[in-house]
Amino acid sequence: MSSGGRVLAVWISLAALFAAGAAAHPGAGIVVDAQGAIIFADGHTGIWKIDTQGQITRISKRSYHWLAIDAEGHFFKSRLDQYNRISPKGSKPALLAGNDRPIVVGLDKNLYHAACHFGGPLLVMRVKPDGERFVLADVPADGYTTRMCPVNGIAVTPEGSVYFTEPQSVTKVSKEGTISPVAGPVTVSDCAPVAGVIEGWKPFLRGLAADSSGTVYVAASGCGVVLKIAPGGATSTVLKAESPWSPTAVAISGRDLIVLESVHSTKSSKPAVRVRKVSADGAVTVVGTLGQP
C-alpha cells in the first residue's frame, strides 16, 4: 500500500472509532495556570475552569479537542490556523485551543504542534509568536514499523524536548530535532474494555505530560489507565478509571498529576467529564465533575 493509502486507511479507522457515539469523541486538553487553576476542554460543551476553591465555571462555549496555555501571552496577537485564542486580547495567560492538531507552548516562548499530513510525513513544527514556522523534525513513516498516526497529544519539557503520542507509541524530539522512540508499541497487560475504541488501536494513547527528568505520563484512553513511562522505557500504571470513565489528558502541577477523564459509552450521547488529582503520595481525589455517566 502506498503512503497515501496508509494514511487514508488510518483516517477511515479514526472515523470509525469516533462514530461509535458522541461520547467517544471527548476532548484531550487540560492545563494548570500559575495560580493552580485547572482549565480543560471537554470536547462537547466548551472550555471550563476549576479555581483553587473548587468552583467550576465555563469560559468558552465553543468546543475544542486540544488546549494550550501561553503563560506570558506571547501569542495573544498571533493568527495561525492551528489554534484559536479563547482568552481576551492582551490577557495573561493566553489560552489557545484547536481541533486540527494538539498544541503546546514552551518556556522558550514558542508554540509546537505535530500532525500527520495526508500522503506525506509526520511533521513536528516550532512556531514563533510572529508566525514564523520551522520544521523541528520530519519523522519518517518507515522509521518505526508500528507507526499508525494520527498524533493525539503533545508536550514540551522545560528544557525544550518535545514528546508526542500516536495510538500505540510515544516519541521524543530534542530541541535540536533529534528523533528517538520513548516507548512502543505500548501494551497494557490488564487492559480493560473501553467502549468505542477499536481493538487494533489500543491502548489508544492521547494526552501526555513530561517532566524535566524525561519521565512521561500519558492517558491510555483505550485501556482506561494513566501510564508512567520512565526515561529507559519501563512502563507502569499510576491510575485506573472505572468504566465508563477513561482518561484522555494529563497535566503536571508541582508534584501532583492532574487527569482529565471522560465517559466512553455507546449507550448514551450525554457527555460527562471529571478531573482527578493523583498526589505525590499516590492519593487520588476528584477535583470536579461535569454531568453524570
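These are my notebook entries on a predicted protein model, taken in the order in which I looked things up.

**Entry 1: the whole chain**

I began with the overall make-up and found that the protein has one helix and 23 strands. I then looked up how much of the chain is covered, and buried residues make up 54% of the 293 residues. For the surface I noted an accessible area of about 12,800 Å², and I wrote beside this value that 52% of the area belongs to carbon and sulfur atoms. My last check here was on contacts between residues at least 6 apart in sequence, and among these, 44% join residues at least 24 apart.

**Entry 2: the nonpolar cores**

Which residues have the most contacts inside the largest nonpolar core? I found that this core has 17 residues, and that Val 170, Val 216 and Leu 227 are the ones with the most contacts inside it. I also looked up which strands contribute, and four of them each supply at least two residues of this core: S15 (179–183), S16 (205–210), S17 (216–220) and S18 (225–229).

I then followed Leu 227 outward, leaving aside residues up to four places away in sequence, and listed what Leu 227 touches. Among its contacts are Val 186, Val 188 and Leu 205, together with Val 216, Tyr 217, Val 218 and Ala 220. The list also includes Thr 235, Ser 236 and Thr 237.

Besides this core I noted a second, separate one of 16 residues, which includes Tyr 112, Cys 116, Ile 154 and Val 162.

**Entry 3: the disulfide**

How many disulfides does a search of the whole structure find? The search finds one, and it is formed by Cys 191 and Cys 223, whose sulfur atoms are 2.0 Å apart. I looked up its handedness next: the torsion about the S-S bond of Cys 191 and Cys 223 is about -90°, so I recorded the disulfide as left-handed.

What does this pair tie together? Cys 191 lies in the loop between S15 and S16, while Cys 223 lies in the loop between S17 and S18, so the pair ties together parts that are 32 residues apart in sequence.

Are the two cysteines buried or exposed? I had to keep the two apart here, because Cys 191, at 26% relative accessibility, counts as partly exposed, whereas Cys 223, at 3%, counts as buried. The cut-off I used for buried is under 20% relative accessible area.

**Entry 4: aromatic pairs**

I counted two aromatic pairs. In one of them, Phe 75 and Tyr 83 meet edge-to-face, with 6.4 Å from centre to centre and 85° between the planes. Phe 75 counts as buried because its relative accessibility is 0%, and Tyr 83 is buried as well, with a relative accessible area of 4%.

Trp 201 and Phe 204 form another pair that is edge-to-face, and here I noted 6.1 Å from centre to centre and 80° between the planes. Trp 201 has a relative accessible area of 4% and is therefore buried, and Phe 204, at 3% relative accessibility, counts as buried too.

**Entry 5: salt bridges**

I reminded myself that side chains of opposite charge can pair when their charged atoms come close. A search of the whole structure finds seven salt bridges, and I wrote out several of them with the exposure of each partner.

Asp 100 forms a salt bridge with Arg 101, and the closest N and O atoms are 2.6 Å apart. Asp 100 is partly exposed at a relative accessible area of 47%, but Arg 101 is buried at 13%.

Glu 132 forms a salt bridge with Lys 128, and in this case the closest N and O atoms are 3.6 Å apart. Glu 132 counts as partly exposed, with 44% relative accessibility, and Lys 128 is partly exposed with a relative accessible area of 37%.

The side chains of Glu 199 and Lys 202 also meet in a salt bridge, at 3.2 Å from N to O. I noted that Glu 199, at 60% relative accessibility, counts as exposed, while Lys 202, at 17%, counts as buried.

Which residues do salt bridges with shared partners join into one network? I found Glu 242, Glu 261, Arg 274 and Arg 276 joined in this way.

Notes
Residues numbered from 1 in each chain as written. Predicted model: local features only at pLDDT ≥ 70, side-chain atom pairs only at ≥ 80, totals over all residues. Heavy atoms only, no water. Core = buried A, V, L, I, M, F, W, Y, C linked by side-chain atoms within 4.5 Å. Buried < 20%, exposed > 50% of the residue type's maximum accessible area, 1.4 Å probe, protein only. Helix = DSSP H or I, 4+ residues; strand = E, 2+ residues; numbered from the N terminus. Contact = heavy atoms within 4.5 Å. Disulfide = S-S within 2.5 Å. Phe/Tyr/Trp six-rings, centres within 6.5 Å; stacked < 30°, edge-to-face > 60°. Areas by Shrake-Rupley, 256 points an atom, 1.4 Å probe, with all protein chains shown as cover. Salt bridge = Lys/Arg side-chain N within 4 Å of Asp/Glu carboxyl O.
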